[in-house]
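Keep the structure open while you read. The walk starts with confidence, moves on to the helices and ends at the sheet.

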Amino acid sequence: MAAREGVEIRLTVDELAARAGVTVRTVRFYGTKGLLPPPELGPRRVGLYGADHLDRLGLIEELQRQGLTLAAIERYLASLPQDSTPLDLAIHRALVASWTPEAAEELSRGQLERRAGRGLSPEQLARLAAMGALERTADPEVFRVDPGLLPLGVRILNVPIPLETLRAARAVVLEHSRATAHELQRLFRETVWKPYRESEPAPAELERMKELTDHIQPMVAQALVTAFQRSLREELGEAARSEEPADPPSRPGVSR
């Protein structure tokens with residue numbers, strides 16, 4: 001089974017359901033539909049699930065929140081690469097969840113820890129908040145949780161990144177994502193929407209155009225992520241090259 005944070009995850013169906021925030025009946029239903037791979041059989045033939053099951057289940061739930069039918073979800077999952085890792089699935093889920101902010105859930109401290117699959121110290125809660133995976137409420141024991149970001153946040157809790165660095169990184173992302181959203185909105189409004197309205201379309205066509213703009217959002221999100229990943233690889237490559245030691249000067253009489 002896949003490992004997370006260096007520890008192999010082996011969950012019973014009850015534990016999997018608790019971690020994913022769904023019912024056991026839902027897990028078994030998805031299994032019968034082929035949306036979840038079958039579990040491994042452990043001692044006494046008890047079905048055991050891993051990180052890939054947990055992340056695939058979370059992705060299915062997010063796709064359902066988007067209104068996709070089971071048939072559409074099956075096609076979506078079939079389109080994913082065969083070698084998709086649990087982390088790949090978690091990233092897909094975060095992308096899907098980014099278009100459903102109303103899906104945020106309010107969880108008690110105990111519910112949050114069961115969802116995370118571990119106890120959470122005050123410092124770890126602060127780190128998750130800095131990453132945007134959760135927000136505090138007026139009740140110190142109740143949290144507003146982003147179900148798409150939480151699995152990713154839990155994954156890197158033990159990575160030695162200073163809390164202030166996480167906060168600064170999130171501020172950078174928010175600043176530039178808002179600027180990008182503003183420019184894209186301006187561009188679409190001035191070059192697409194305004195001319196379309198001025199053409200005096202029929203009411204049915206106008207409504208169809210509004211629906212099409214909703215479908216554009218996932219494409220834009222994927223384009224932004226792809227562009228960011230490419231830019232990050234380029235930045236890392238340049239940084240690595242700049243840190244390479246210069247070739248030592250050749251000594252007289254020594255060929256290189």
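**Confidence, helices and sheet**

This is a predicted model. The protein chain has an average pLDDT of 79. A score of at least 70 is reached by 82% of the residues. Residues 1-6 are a weak spot: their pLDDT is below 50. Beyond near neighbours in sequence, this stretch still has 24 contacts in the model. Where pLDDT is low, the predicted coordinates should not be read in detail.

Now take helix H1, residues 13-20. Its packing against H2, H3 and H6 can be followed one helix at a time.

Start with helix H2, residues 24-32. The axes of H1 and H2 are 8 Å apart, and the packing angle is about 105 degrees. Angles of 65 to 115 degrees count as roughly perpendicular, so H1 is roughly perpendicular to H2. Which residues meet here? H1 brings Val13, Asp14, Leu16 and Ala17. H2 brings Val24, Val27 and Arg28. By class, the contact of H1 with H2 holds five nonpolar and two charged residues, with no polar ones.

Next comes helix H3, residues 51-65. The axes of H1 and H3 come within 10 Å and cross at roughly 45 degrees. That angle makes H1 oblique to H3. The crossing is right-handed. On the H1 side, the contact is made by Leu16, Arg19 and Ala20. On the H3 side, His53, Leu54 and Leu57 make it. Four of the residues in the contact of H1 with H3 are nonpolar, one is polar and one is charged. Leu16 of H1 thus appears in the contact with H2 and in the contact with H3.

The third partner is helix H6, residues 109-116. The axes of H1 and H6 come within 7 Å, crossing at roughly 120 degrees. H1 and H6 are therefore oblique to each other. Is this crossing left-handed or right-handed? The crossing of H1 and H6 is left-handed. Ala18, Arg19 and Ala20 of H1 meet Arg114, Arg115 and Ala116 of H6. The contact of H1 with H6 divides into three nonpolar and three charged residues, with no polar ones. Arg19 and Ala20 of H1 take part here, and they also belong to the contact with H3.

Turn to the sheet. Strands of a sheet pair through backbone hydrogen bonds, either parallel or antiparallel. Here three strands form an open sheet, and the pairing is antiparallel. What is the strand order? The order is S5-S7-S6. Strand S5 (105-108) and strand S6 (134-136) are the edge strands, and each pairs on one side only. From one strand to the next, the twist averages 35 degrees.

Look at the pairing of S5 with strand S7, residues 142-145. Four bridges join S5 and S7 in the antiparallel sense. In one of them, Glu105 has Val145 of S7 as its bridge partner.

One more helix completes this part of the view. Helix H7, residues 122-130, lies across S6 and S7. H7 runs at about 115 degrees to S6.

Technical notes: Residues are numbered from 1 along each chain as its sequence is written. This is a predicted model: local features need pLDDT of at least 70, side-chain atom pairs count only at pLDDT 80 or more; totals for chains, interfaces and linings use all residues. Side-chain values use heavy atoms; hydrogens and water are left out. Two strands pair if DSSP finds at least two bridges between them. Helices (H or I, at least four residues) and strands (E, at least two) are DSSP runs, numbered from the N terminus. Axes are lines fitted to C-alpha atoms, for helices over the stretch in contact, and angles run from 0 to 180 degrees between N-to-C directions. Contact means heavy atoms within 4.5 Å. Angles under 35 degrees count as roughly parallel, over 145 as roughly antiparallel, 65 to 115 as roughly perpendicular and the rest as oblique. A crossing is left-handed if the near helix is turned anticlockwise from the far one by less than a right angle, and right-handed if clockwise. Ala, Val, Leu, Ile, Met, Phe, Trp, Tyr, Cys and Pro count as nonpolar, Asp, Glu, Lys and Arg as charged, and the others, Gly among them, as polar. pLDDT is the predictor's confidence in each residue, from 0 to 100.
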